[in-house]
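User: I am new to this structure and should like to learn how its features are read. Could you guide me through some of them?

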Amino acid sequence: MGEAAGATVDVPTLDGIADAYLAHPDDGAAHPGVLFYMDAFGVRPRLRQMADRLAAAGYTVLVPNVLYRHDRAPLVELPERIEEQDRPALLASSPQATDGSVGVTGYCMGAGLALRTAGTYPHRVAAAGGFHGAGLASDAPDSPHLLAEGITADLYFAHADQDPAMPPEQIDRLDKALTAAGVRHDTEVYAGAQHGYTMADTTRYNADATERHWTALLDLFGRTLS
């Protein structure tokens, strides 16, 4: 791995300016773009650290504050370690990102955003990963899995076996929808992991599951992004 450089940037959108964290290899070259969707706690040091690690592997990574319409990150002040009681098209113009397809990764609610992005922008998204996702295949009329027919990307999902936000019936429903749509995908359930297992600033962090996620994510992007 090389060194990564990162900075806070402002991204113009139709609804105003979205603040985001942009990380990229510190070599002056353009690299494949990756859109990194935050979890419910928002853009913070842990997510910037994860983006830096992904960037050091050879990608230009953008972590948008998806709640920018409310305020810039952080929307709320968070402790250094989040306890249980604390829970409640953007890369196209970057000179650090190559033209062509992008990858997407998302965590918690971000996994649903990753799935929606893959289904909405099939001409742009080559790969999408979702980790400890929530409600990816619910009974809601706008559930993310209903976009399966539009997906052309390769997908990888890593669920936690101790995650009430993504129970076995939803995992099965998601897999069946993707299979019926002919979507290339891999699904794994990490034993002994809880919802939020990649987040080292929470009590649900699982180091083994997190390293397993890195191996799978880098393999996915390595196969699909150039």
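Analyst: The following dialogue treats salt bridges and one helix. This is a predicted model, in which local features need pLDDT of at least 70, side-chain atom pairs count only at pLDDT 80 or more, and totals for chains, interfaces and linings use all residues. Residues are numbered from 1 along each chain as its sequence is written, and side-chain values use heavy atoms, with hydrogens and water left out.

User: How many salt bridges does a search of the whole structure find?

Analyst: A salt bridge is a side-chain nitrogen of Lys or Arg within 4 Å of a carboxyl oxygen of Asp or Glu. The search finds nine. In one of them, R44 meets D201 at 2.6 Å, N to O.

User: Are R44 and D201 buried or exposed?

Analyst: Buried means under 20% relative accessible area, exposed over 50%, and partly exposed in between (1.4 Å probe, protein chains only). Both R44 and D201 are buried.

User: Which residue forms a salt bridge with E188?

Analyst: The partner is R212, with the closest N and O atoms 2.9 Å apart. Since E188 belongs to strand β8 and R212 to helix α4, the pair ties together parts 24 residues apart in sequence. Helices (H or I, at least four residues) and strands (E, at least two) are DSSP runs, numbered from the N terminus. E188 is partly exposed at 30% relative accessibility, and R212 is partly exposed at 36%.

User: Which residues of α4 are buried?

Analyst: They are A209, T210, H213, W214, A216, L217, L220 and F221.
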